[in-house]
Amino acid sequence: MINAVIFGPPGAGKGTQSDKLIKKFGFVHISTGDLFRWHTKNDTPLGKKVKEIMNSGALVPDEITIAMLKEELDKNPQAKGFLFDGFPRTVPQAEALDKFMKENGSAIHHIIALEVSEAELRARIAKRRGIENRADDEEEKLNRRITEYFGKTIHVLPYYKNQGRLHVINGVGAIDDIFGNICKVIEGK
Ligand code: ADP
């Protein structure tokens, strides 16, 4: 069983690459952003709790996010492997993930960090705004998301780097070339 994390700032291409990775390797995809969006759309008690936070572009508190993640893991005991997308976003989340994996006799094998400059991220999201209409893609909220990334989430990288599990991949270029580079990591080439 191979478990991987796809990591990167908003607009780095995590969603695009995740779709391709799931098809190729049969991962169970766990995207905390998608899960939170599902809860807000369906107006669940959790959705009610996180809606305002998400729409502001801020991170949802660790306690809520980690509990939701654990629930998803428990729903998929037969998974061949997990691809975590948008999780972990803080060091406590990374520690919780390692703990959960260990409890199941497993581990996170690869952390794939997509590297994209801030200017490129902004340009991509401006383009996406016209297509997807995500409430948190508006300029001011996007600024908050980028600040959250560079203020909090980026500290997850040294956590993994120190353990030798980090693979930094250039996230700028043709989608298939980026995908090829990610596959090499997962296939151990
Ligand atoms: P992005 O395009 O910023 O990568 P996502 O779809 O992954 O967006 O997440 C959207 C929002 O959901 C985040 O801005 C945040 O409010 C919330 N969220 C998603 N994952 C997490 C997480 N691991 N920890 C805290 N908040 C999260």
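The following legends describe an overall view and several close-up views of one predicted model. Residues are numbered from 1 along each chain as its sequence is written, and side-chain values use heavy atoms, with hydrogens and water left out. Because the model is predicted, local features need pLDDT of at least 70 and side-chain atom pairs count only at pLDDT 80 or more, whereas totals for chains, interfaces and linings use all residues.

**Figure 1. Overall view of the chain, with nine helices and five strands.** Helices (H or I, at least four residues) and strands (E, at least two) are DSSP runs, numbered from the N terminus. Along the sequence, these elements follow the pattern β-α-β-α-α-α-β-α-β-α-α-α-β-α. The chain is as compact as a globular protein of 189 residues, because its radius of gyration of 16 Å is close to the 16 Å given by the globule rule. That radius is taken over C-alpha atoms, and the rule is 2.2 Å times the number of residues to the power 0.38. A box of roughly 40 × 40 × 30 Å, taken along the principal axes, is filled by the C-alpha atoms. Of the 189 residues, 48% are buried; the term buried denotes under 20% relative accessible area, exposed over 50%, and partly exposed in between (1.4 Å probe, protein chains only).

**Figure 2. Strand E1 and its pairing with strands E3 and E4.** Strand E1 comprises residues 4-7, and both of its faces are covered. Ala-4 and Ile-6 lie on one side, Val-5 and Phe-7 on the other, and all of these residues are buried. In a regular strand the side chains alternate between the two faces of the sheet. E1 pairs in the parallel sense with E3 (residues 82-85) over three bridges, and in the parallel sense with E4 (residues 110-115) over four bridges. Pairing requires that DSSP finds at least two bridges between two strands. Ala-4 takes part in both pairings: Leu-83 stands opposite Ala-4 in E3, and His-110 is the bridge partner of Ala-4 in E4.

**Figure 3. The ligand and the 19 residues around it.** A residue is near a molecule or strand if one of its heavy atoms lies within 4 Å of it. Thr-32, Arg-37, Ala-58, Gly-86 and Arg-145 come nearest to the ligand. Helix H2 (residues 32-41) supplies the largest share of the shell, with four residues. By residue class, the shell divides into seven nonpolar, five polar and seven charged residues. Here Ala, Val, Leu, Ile, Met, Phe, Trp, Tyr, Cys and Pro count as nonpolar, Asp, Glu, Lys and Arg as charged, and the others, Gly among them, as polar.

**Figure 4. N and O atoms of side chains beside the ligand, including those of Thr-32, Arg-89 and Arg-145.** A nitrogen atom of the ligand is 2.7 Å from an N or O atom in the side chain of Thr-32. For the side chain of Arg-89, the distance from an N or O atom to a ligand nitrogen atom is 2.9 Å. In the side chain of Arg-145, an N or O atom is 2.8 Å from an oxygen atom of the ligand. Taken alone, the ligand exposes 560 Å², of which the protein buries 97%. Accessible areas come from the Shrake-Rupley method with a 1.4 Å probe; for residues, only the protein chains shown count as cover.

**Figure 5. Polar contacts of Asp-98 in helix H5.** A polar contact is a pair of N or O atoms within 3.5 Å; within protein, one must be able to donate a hydrogen and the other to accept it, and residues adjacent in sequence count only if both atoms are side-chain atoms. Asp-98 lies in H5 (residues 91-103) and counts as buried, at 18% relative accessibility. The side chain of Asp-98 makes polar contacts with the side chains of Tyr-159 (2.6 Å) and Arg-165 (3.0 Å).

**Figure 6. The loop between E3 and H5, with Pro-88 and Thr-90.** The peptide bond from Phe-87 to Pro-88 is cis, with omega near 0°. Thr-90, found in this loop, counts as buried at 10% relative accessibility. The side chains of Thr-90 and Asp-62 are joined by a polar contact of 2.9 Å.

**Figure 7. Asp-43 in the loop between H2 and helix H3 (45-56).** Phi of Asp-43 is near 55°, a positive value in a residue other than glycine. With a relative accessible area of 44%, Asp-43 is partly exposed.
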